[in-house]
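Visitor: I have the model open and would like to learn how its descriptions are reached. Could you take me through a few of them?

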Amino acid sequence: MPLGGEQVPQNLDAVAVRTWCGLALDALGRAREEIDAINVYPVADGDTGTNLYLTVESASQAVDAAFTGLEPARPSLAEAVRAMAHGALIGARGNSGTILSQLLRGTAQVLGADRDTDHADGRALALALRRAAESAYQAVAHPVEGTVLTVAAAAADAACDADGDGDCGVVARAAYDSACRALDATPEQLAVLGRAGVVDAGGRGLVAVLGALVGALSGETVRLRAASPHLKTAASGGHARVEPIECQDTSPDGAAPAFEVIYLLEADDTAVARLRTRLDGLGDSLVVVGGDGLWNVHVHVDDAGAAVEAGVEAGRPHRIRITHFGVGDAHTAGSEQPPRERTQRGIVAVVPGEGLAGLYAEAGATTVPTRPGEPPASGELVDAIRRAHAREVVLLPNDAELRHTAAAAAEQARTEGVRVALIPTRSAVQGIAALAVHEPDRRFDEDVVAMTSAAGATRYAELAVAERQSWTMAGICQAGDVLGLIDGDVAVIGDDTTRTARSVLDRMLAAGGEMVTLVLGEDVPDSFGDELEKHVREAHLAVDTVVYRGGRQSALLLIGVE
């Protein structure tokens, strides 16, 4: 114990960041329904709590992934906060989730600036919260007070004023307490909240996230009060009174925009600046967050196609999500049309690569595209199950790391009345094998058993290039080596792609096989597939080979042996 009984100042490190994300996810999970219930601004669509939960879920998964394979070592503080920010960016949902992702990005810009430090003190945390609030205001086209922005600014002010002698715990507690007071004042600042008798839903979510930060640093359990407003005046929080704002959140004819459009965008800063101007003229609630070539775009518009086209002109949009406000199925043309009849059975599959997505879609599957380092959150899988619009759904995660995410999505869909069977496919080639035996006309249980059997009878392999020196099951690899992974473990280390692929095929076929599936990556020439097909034909009798193109974002080579 320190001399004189003095308490050691609390610092923020990678482990604390991981704990923070986990506690924030738990807190938002508990408060999700009540936050959804008070969601009246900018659109009363009752999903703010859900969107914040899904955004933090993506951030938490990214931080967990940063720790994977390093135990007992751990990532640096910079690596942890950057993973958190990136995960939130790619998983951001809705207006509040998009703003929260920018708050986390601003925090990471300060805490991750020094790659060599393992921890941050209270002063750094205060500066990080200040940068978070500033960057969030900059990301919103037309900032409005009485929202999550106001709550973030109040938290930053208190953090910078805190006399914590370098203690992160003291700074976090000051930020949290001030955020609670600012949240109470939101009905006084935003007329739509005052009329509804609620506090701002996004601000309520941020208070939960800040409470989790206090818990991660101090170890105490922060008891969040219910989301009912206390309707205090702004003066009671220590700030000048602000007159309630009547927001122009509807068009002149009184109708709000019909669609919410969200997408990730690969583009440079200049193109994004032009995009902001273009989208600002198309609708409202415009939030553009991110940087370094990757952005998350959110806007409410009447012309969803024009908003997507603007993204295409600016760069490469993907993970495009369009929601029709007030309509349960976003693919229904309008609320005047009767609900579309559900099909009996559907397939939902996570697929890496545009070529594979096309292949799965041709087979009738609803696809969830994924990119390296950007696994889908459970909410995206639930959305895909809803898009399948079927009474029965077979879910193919096609990745061993997604088993828990897929299980959570399946459980959520079951609560909505959908019968879901999760087949634990660990590779896209196992999913292809399952699809090949799918027969929608037979009984659901029989179809699931047949698909599960086909997937389980398919061994899978992948070719990848080592990014750094590492120990593997096959020995030590160097950066640039070609790795042949069989059933998830490195089995072959080589210096030539073709020879390594042949060696992997020979090992897999040594135990027998009737069909080989090859999925070629975007940069792999067709001649590579021809050479491997010839090798199988000459070295392994009575074995058929089928070759597909994986397209963008697919692995160098995927191999399946049935």
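Visitor: Which residues is glutamine 102 in contact with, leaving aside its neighbours within four places in sequence?
Guide: Glutamine 102 is in contact with Ser135, Ala136, Ala139, Val289 and Gly290 once those neighbours are left aside. Contact here stands for heavy atoms within 4.5 Å. Keep in mind that this is a predicted model. Glutamine 102 itself has its place in helix H4, residues 94-111.

Visitor: Why is glutamine 102 called buried?
Guide: Its relative accessible area is 9%, and buried means under 20%. Glutamine 102 therefore counts as buried.

Visitor: What makes the pair of glutamine 102 and glycine 290 worth a look?
Guide: A polar atom of the glutamine 102 side chain lies 3.1 Å from the backbone nitrogen of glycine 290. The distance limit for a polar contact is 3.5 Å, so 3.1 Å falls within that limit.

Visitor: On to threonine 498: is it buried or exposed, and how do you know?
Guide: Its relative accessibility is 17%. Because the cut-off for buried is under 20%, threonine 498 is buried. This residue sits in helix H17, residues 497-509.

Visitor: Which residues does threonine 498 meet, apart from neighbours within four places in sequence?
Guide: Those in contact with threonine 498 are Phe528, Glu531 and Leu532. For leucine 532, which is 34 residues away along the chain, the C-alpha atoms of the two are separated by 7.7 Å.

Visitor: Now the helices. Why is H1 called roughly antiparallel to H2?
Guide: H1 (residues 14-37) and H2 (residues 48-67) pack at about 160°, their axes 8 Å apart. Angles over 145 degrees count as roughly antiparallel, so H1 is roughly antiparallel to H2. By class, their contact has 13 nonpolar, 6 polar and 5 charged residues. The crossing of H1 past H2 is left-handed.

Visitor: And what makes H13 oblique to H14?
Guide: The angle between H13 (residues 378-388) and H14 (residues 403-415) is about 45°, and their axes are 8 Å apart. Roughly parallel needs an angle under 35 degrees and roughly perpendicular 65 to 115; 45° lies outside both ranges, so H13 is oblique to H14. Their crossing is right-handed.

Visitor: Which residues of H13 and H14 meet?
Guide: From H13 come Ser378, Leu381, Val382, Ile385 and Arg386, and they meet Thr405, Ala406, Ala408, Ala409, Gln412 and Ala413 in H14. By class, this contact has 7 nonpolar, 3 polar and 1 charged residues.

Technical notes
Residues numbered from 1 in each chain as written. Predicted model: local features only at pLDDT ≥ 70, side-chain atom pairs only at ≥ 80, totals over all residues. Heavy atoms only, no water. Axes fitted to C-alpha atoms, helices over the stretch in contact; angles between N-to-C directions. Helix = DSSP H or I, 4+ residues; strand = E, 2+ residues; numbered from the N terminus. Left-handed = near helix turned anticlockwise from the far one by under 90°. Nonpolar A, V, L, I, M, F, W, Y, C, P; charged D, E, K, R; others polar. Buried < 20%, exposed > 50% of the residue type's maximum accessible area, 1.4 Å probe, protein only. Polar contact = N/O pair within 3.5 Å; in protein donor to acceptor, adjacent residues only side chain to side chain.
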